[in-house]
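Notebook open, structure loaded. I'm jotting down what I look up as I go, strand by strand and helix by helix.

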Amino acid sequence: QCACPMINIHCGLTPKYRGVHGGYWALAQDDRAMCGVTIHLVSPGVDTGDILAQRTIEPTSADNFATYPHLQLAAAMIDFPRIVADALAGRLAPKQGAGESRQWYHPTLWGYLWRGWTHGVW
């Protein structure tokens, strides 16, 4: 047990895109409005902690599976310094995520190639 809050930067918008590669999965599911990043408190579940901030990203056609996390991390850095300051001052204001919740996993090689060819999501 740790007495301090544990904070995570998750590359997806929770609770809908928990697990790995949330931005990729949002795009692969033709859910572009849900492509983003979540800063949340760590809880026992996978990316189930209360939300501290969320931001969407706008990948271009030049972006891909390898660049989405960089865009997401850059978006998270807008809020992260404030959240750390709030944590140190004891004034975090977490909120529970609402809506559909699903945990995503690594795409298979064939699934990745199929989505790239059929959906243009690389």
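**Entry 1: strand β3**

I started with β3, which is mostly covered, six of its six residues being buried. Buried here means under 20% relative accessible area, exposed means over 50%, and partly exposed is in between, with a 1.4 Å probe and protein chains only. Helices (H or I, at least four residues) and strands (E, at least two) are DSSP runs, numbered from the N terminus.

A note on provenance: this is a predicted model, where local features need pLDDT of at least 70 and side-chain atom pairs count only at pLDDT 80 or more, while totals for chains, interfaces and linings use all residues. Residues are numbered from 1 along each chain as its sequence is written, and side-chain values use heavy atoms, with hydrogens and water left out.

Which residues of β3 are buried on each side? I find G36, T38 and H40 on one side, and V37, I39 and L41 on the other, so I call both faces covered.

**Entry 2: the sheet**

Next I looked up the partners of β3. The strands form an open sheet of three in the order β1-β3-β4, with antiparallel pairing. β1 and β4 stand at the edges with a single partner strand each, so one side of each has no neighbour in the sheet. Neighbouring strands here are turned by 10 degrees against each other on average, direction ignored. Those angles run from 0 to 180 degrees between N-to-C directions, and the axes are lines fitted to C-alpha atoms, for helices over the stretch in contact.

Two strands pair if DSSP finds at least two bridges between them. I get four bridges joining β1 to β3 and five joining β3 to β4. On the β1 side, H10 has T38 as its bridge partner, and N8 stands opposite H40. On the β4 side, G36 stands opposite T56. As a reminder to myself, strands of a sheet pair through backbone hydrogen bonds, either parallel or antiparallel.

**Entry 3: T38**

I picked T38 for a closer look; its place is in β3, residues 36-41. T38 counts as buried because its relative accessibility is 0%. What does T38 touch, leaving out residues up to four places away in sequence? The list is N8, I9, H10, G12, L13, T14, I51, A53 and Q54, with contact meaning heavy atoms within 4.5 Å.

The side chains of T38 and Q54 also make a polar contact of 2.9 Å. That term covers a pair of N or O atoms within 3.5 Å; within protein, one must be able to donate a hydrogen and the other to accept it, and residues adjacent in sequence count only if both atoms are side-chain atoms.

**Entry 4: helix α2**

I checked the span of α2 (residues 68-89) next. Its 22 residues should span 32 Å at 1.5 Å a residue, and the end C-alpha atoms are 32 Å apart, which agrees. The expected span is 1.5 Å times one less than the number of residues.

Where does α2 bend? The bend is at I78, by about 45 degrees, and a proline, P81, follows within four residues. I take the bend as the angle between axes fitted to the seven residues ending there and the seven starting there.

The buried residues of α2 are Y68, Q72, A75, A76, D79, I83 and D86. They pack against β1 (7-10), α1 (22-28), β3 and β4 (51-56). An α-helix has 3.6 residues a turn, so residues three or four places apart point the same way.

After α2 comes G90, with a positive phi near 75 degrees. G90 lies in the loop between α2 and β5 (103-104) and is exposed, at 66% relative accessible area. I also looked up its distance to P5: the C-alpha atoms are separated by 9.5 Å, with the two positions 85 residues apart along the chain.

**Entry 5: backbone oddities**

T14 and P15 are joined by a cis peptide bond, omega about 5 degrees. P15 has its place in the loop between β1 and β2 (18-19).

H21 is not a glycine, yet its phi is positive, near 60 degrees. I find H21 in the loop between β2 and α1, partly exposed at 22% relative accessibility. D30, also not a glycine, has a positive phi of about 55 degrees. D30 lies in the loop between α1 and β3 and counts as exposed at 70% relative accessibility.
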